[in-house]
Amino acid sequence: MNAPFEPKRQTEDYQQSDAAHHIHAFVDQKALNAEGPRVMVRGEGLYLWDNDDKRYLDGMSGLWCTQLGYGRKDLSAAAAAQMNQLSYYNMFFHTTHPAVIELSELLFSLLPGHYSHVIYTNSGSEANEVLIRTVRRYWQVVGKPQKKIMIGRWNGYHGSTLAATALGGMKFMHEMGGLIPDIAHIDEPYWFAQGGELTPAEFGRRCALQLEEKILELGAENIAGFIAEPFQGAGGMIFPPESYWPEIQRICRQYDVLLCADEVIGGFGRTGEWFAHEHFGFEPDTLSIAKGLTSGYVPMGGLVLGKRIADALVEQGGVFAHGLTYSGHPVAAAVALANLKALRDEGIVRQVKEDTGPYLQQILREVFGNHPMVGEIQGAGLVAALQFAEDKATRKRFANENDLAWQCRTFGFEEGVIIRSTLGRMIMAPALVATRTELDELVEKTRIAVDRTARIAGKL
Ligand code: PXG
C-alpha cells in the first residue's frame with residue numbers, strides 16, 4: 001500500500017496557476033477556468049487518483065493509449081536504462097541505434113508480412129502529416145505526380161495539426177481555417193444516425209460507393225489515397241457495417257488509390273487483434289500508429305509502409321526530404337520495445353481476444369441490451385459504445401443527446417469511473433490489462449451513470 005496521500009499543494013492553488021498559464025485542448029478556456037480542471041496526480045494499473053485522493057477507474061485508457069495501464073516499473077526502467085546509456089541520438093546523417101533497430105524488428109514481427117518499413121514520428125498527428133507527404137512522394141516516384149488528392153471522411157479524426165485537421169472531417173475544427181488544399185471527404189458509415197430505411201449491409205455498401213463516386217467526380221488519375229480509421233474513435237466509436245470495408249478495398253484497388261488506415265486508436269490490441277484492420281479483414285497500404293505503441297508512457301508514433309510503397313521509395317526515390325529531430329528517439333524506442341514485448345509475452349492481446357474482450361461485450365449486452373436509454377451497443381475486444389436513443393425501434397435520438405452524454409460522463413466522474421461522451425454516445429476503452437473484476441466495476445459504475453442520466457431524460 002502507498003503511504004497516506006499528502007497533496008503537495010492545494011487543488012485550488014494548482015487550478016489558479018493552471019488558469020493563469022495554460023491553454024487546454026478542445027475546451028472553452030474561460031469556462032474551464034471558472035470551473036477548474038481536475039488535477040490528476042497518480043496512476044496504478046487501471047486506476048487514477050486526483051489531488052484530493054479521489055480514485056477513478058479509467059475506462060478510457062487515458063486518451064485510448066495506456067494499453068498496459070499506469071505505473072509499470074518495467075517501462076520506467078527501460079526509459080531510465082536507455083537515458084543512462086544513450087539519452088539521445090538521431091536518424092540524420094547516416095546514423096542509427098540499437099533501440100530503434102530492435103523496435104522495428106519486433107514491430108514487423110507483429111504485423112502482417114506485406115509491411116516492411118516505418119517512418120517514426122512523435123504523435124499520431126505527425127504520422128498523418130508524414131502520410132500525406134509520403135503518399136504524394138510515392139506517386140511522384142512511380143511517374144504519376146498528378147495523384148495528389150487525399151479523400152477522408154466527415155467526422156473522421158486524424159489529429160490536430162494543419163494537414164491532419166484537413167484530412168479529418170471535424171467541421172468545427174475546419175472552421176478555424178487555414179487548411180491545406182487537395183483534400184476531399186465522403187460520409188461516415190454511421191448507420192444508427194444516417195441509415196434511414198436501409199439495412200446496415202445496404203447502408204455500408206452505399207457509404208462505400210460514395211468513395212467510388214468521389215473518385216469518378218475528381219478523376220482517379222488525381223487521387224493519391226483514401227484515409228479512414230478502421231472504426232471511428234473520436235467521432236463516436238462507430239463500427240461500420242460488415243459490408244463496408246470489403247467494398248472500400250475493392251474500390252481502392254480498382255482505381256489504384258492507396259488505402260491508408262489510421263490505426264492510432266485501433267492499433268496494438270484494442271479489438272483483440274494486433275491491428276484493427278485485421279479485425280475488419282482488409283489490407284491497407286499504410287498504417288498510421290501512435291498511442292498504444294508506447295502505452296502512452298512517452299510520445300511516439302509512426303507511419304508503416306507496405307512493401308509496394310517502401311520498395312518504390314527505397315529503390316527509385318532518391319533522397320526522401322523529410323526528418324524530425326526526435327524520429328525514432330532512443331528513449332521512446334526503448335519504452336515502445338518494452339511495451340510491445342509485454343503485450344506479446346504476457347499474452348495480453350491474446351487475452352483481450354479470447355477472454356476479457358468477449359467478456360466485456362457480453363456483460364454490456366446483458367446490462368444495456370434492454371436499457372431504456374440505449375439504442376445500440378457496438379464494439380469488439382476492449383472498446384465499446386452505447387448509443388443513447390429516445391426510441392430504439394425507430395432509432396430516434398434525443399434532441400439534447402450531446403448534453404445528456406456530457407451529463408452521463410459527469411455522473412461517471414462522480415461515481416468514480418471515467419467514460420467518454422460524444423454526440424449521444426458513451427464510449428469505453430479500458431487498458432488491455434483489465435481483469436474481469438475491473439470490467440465488472442467499469443460496467444456497473446457506467447450503469448449507475450446511465451441510470452442517473454435516464455432519470456433526467458424521463459426514461460426511468
Ligand atoms: N488519428 C486518430 C485516429 C486519433 O484518434 C490522432 C490521429 C492524433 O494523434 P495525436 O497523438 O497527435 O493526438 C488521433 C488522436 C478523443 C481523443 O477524445 C482522441 C484523440 C486525441 C485526443 C482525444 O477521443 N485521438
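Which residue has an N or O atom in its side chain 3.1 Å from a nitrogen atom of the ligand?

## Polar contacts of the ligand

In this predicted model, the residue in question is Lys291, whose side chain places an N or O atom 3.1 Å from a nitrogen atom of the ligand. Two further side chains approach oxygen atoms of the ligand: an N or O atom of Ser125 is 2.6 Å from an oxygen atom of the ligand, and an N or O atom of Trp64 is 2.8 Å from an oxygen atom of the ligand. On its own the ligand has 540 Å² of accessible area, and the protein covers 83% of this area.

## The shell around the ligand

The ligand is surrounded by 16 residues, of which Trp64, Gly124, Ser125, Asp262 and Arg420 are the closest. When these surrounding residues are sorted by class, six are nonpolar, six are polar and four are charged.

Two elements, α3 (61-64) and α6 (124-141), each give two or more residues to this shell, and the largest share, three residues, comes from α6. The ligand lies between domain 1 (38-71 + 347-456) and domain 2 (74-345), because both domains give residues to the shell around it.

## The second largest pocket

The model also contains a pocket, the second largest, that holds about 890 Å³ of space. This pocket is lined by 25 residues, and those closest to its centre are Met91, Val118, Ile119, Phe320 and His322.

Three elements, namely α5 (98-110), β4 (115-121) and α13 (307-316), each supply at least two residues of the lining of this pocket, and β4 gives the most, with four residues. By class, the lining of the second largest pocket consists of 15 nonpolar and ten polar residues, with no charged residues, whereas the shell around the ligand includes four charged residues.

Definitions and conventions:
Residues are numbered from 1 along each chain as its sequence is written. This is a predicted model: local features need pLDDT of at least 70, side-chain atom pairs count only at pLDDT 80 or more; totals for chains, interfaces and linings use all residues. Side-chain values use heavy atoms; hydrogens and water are left out. On a 1 Å grid over the protein atoms alone, a cavity is a set of points where a 1.4 Å probe fits but cannot get out, and a pocket is an open set with protein on both sides within 12 Å along at least five of seven lines; lining residues have an atom within 4 Å of a point. Grid points are joined across faces, edges and corners, and a volume is the space filled by probe spheres set on the points. Ala, Val, Leu, Ile, Met, Phe, Trp, Tyr, Cys and Pro count as nonpolar, Asp, Glu, Lys and Arg as charged, and the others, Gly among them, as polar. A residue is near a molecule or strand if one of its heavy atoms lies within 4 Å of it. A polar contact is a pair of N or O atoms within 3.5 Å; within protein, one must be able to donate a hydrogen and the other to accept it, and residues adjacent in sequence count only if both atoms are side-chain atoms. Accessible areas come from the Shrake-Rupley method with a 1.4 Å probe; for residues, only the protein chains shown count as cover. Domain bounds come from an automatic or database domain assignment.
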